[in-house]
Amino acid sequence: MCIRDRLLALCSYFAQAAELLSQQDVNDGEVLSLTLNSIYALCKLKRPQMLVKAAFELRMMVIAGFSPMVDGCAVCGSETPDRFDVAGGMAVCAGCSAPGSLRLPLSPASLAAMQHITTCEAKRLFSFNLLPEALKELSDIAETYFLTQLERGFYTLDFYKSLRLMAVHNPENPQ
């Protein structure tokens, strides 16, 4: 499988998510615009797949009315939360979140990226970069939050992930 196959699978995931979040007989210009701009960012601007996917998932949650609270700790107000409470959709400090809730690590770089994604103008959505570790962290948070809030999975996402896994295990195949 080549990179083109992974791009097609990822774009299919975007389309499936957009279909789910679009309402029949309603002008969903924001959903369509986000979907098309995400595909453009992947295919023409050559932005990293993980970055575009994470931005798509978080911005789609904003459009759907599930904007995560990431302007500081949602409990104590600290400007440096270090966890993301997935069920609550909020940044929290390690000591502030409820026991038993799924809390993912949140670095300052990932927090800044989440703040950018949720508040920036649409045309600036993909205008940030992260180091690989922070990008992986952001990707994990965005995907987990997206799937948790929608309470479902996507076969197109599973297929995309299987292609990425095959590419990692096949060194003759370029990433």
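A residue counts as exposed when its relative accessible area is over 50%, and as buried when that area is under 20%. This cut-off is useful for reading two residues of the structure, which is a predicted model.

The two residues, K46 and E151, lie in loops, and their backbone and surface values are set side by side here.

| Residue | Loop | Phi | Relative accessibility |
|---|---|---|---|
| K46 | between α2 (29-43) and α3 (49-63) | near 55° | 65% |
| E151 | between α5 and α6 (155-169) | about 55° | 73% |

For K46 the phi value is positive even though the residue is something other than glycine, and E151, which is not a glycine either, also has a positive phi. Because its relative accessible area is 73%, which is over the 50% cut-off, E151 is classed as exposed, and K46, at 65% relative accessibility, counts as exposed too.

The model also holds a sheet. In general, the strands of a sheet pair through backbone hydrogen bonds, and they may do so in a parallel or an antiparallel way. Here the sheet is open, with three strands in the order β2-β1-β3 and antiparallel pairing. Since β2 (90-92) and β3 (103-105) stand at the edges and each has a single partner strand, one side of each is left without a neighbour in the sheet. From one strand to the next, the twist averages 35°.

Strand β1 (residues 83-85) runs antiparallel to β3 and is joined to β3 by three bridges, and within this pair R83 stands opposite P105 of β3. Helix α5 (residues 132-150) packs on the sheet, where the helix touches β1 and β3, and its direction makes about 160° with that of β3.

Definitions and conventions:
Residues are numbered from 1 along each chain as its sequence is written. This is a predicted model: local features need pLDDT of at least 70, side-chain atom pairs count only at pLDDT 80 or more; totals for chains, interfaces and linings use all residues. Side-chain values use heavy atoms; hydrogens and water are left out. Two strands pair if DSSP finds at least two bridges between them. Helices (H or I, at least four residues) and strands (E, at least two) are DSSP runs, numbered from the N terminus. Axes are lines fitted to C-alpha atoms, for helices over the stretch in contact, and angles run from 0 to 180 degrees between N-to-C directions. Contact means heavy atoms within 4.5 Å. Buried means under 20% relative accessible area, exposed over 50%, partly exposed in between (1.4 Å probe, protein chains only).
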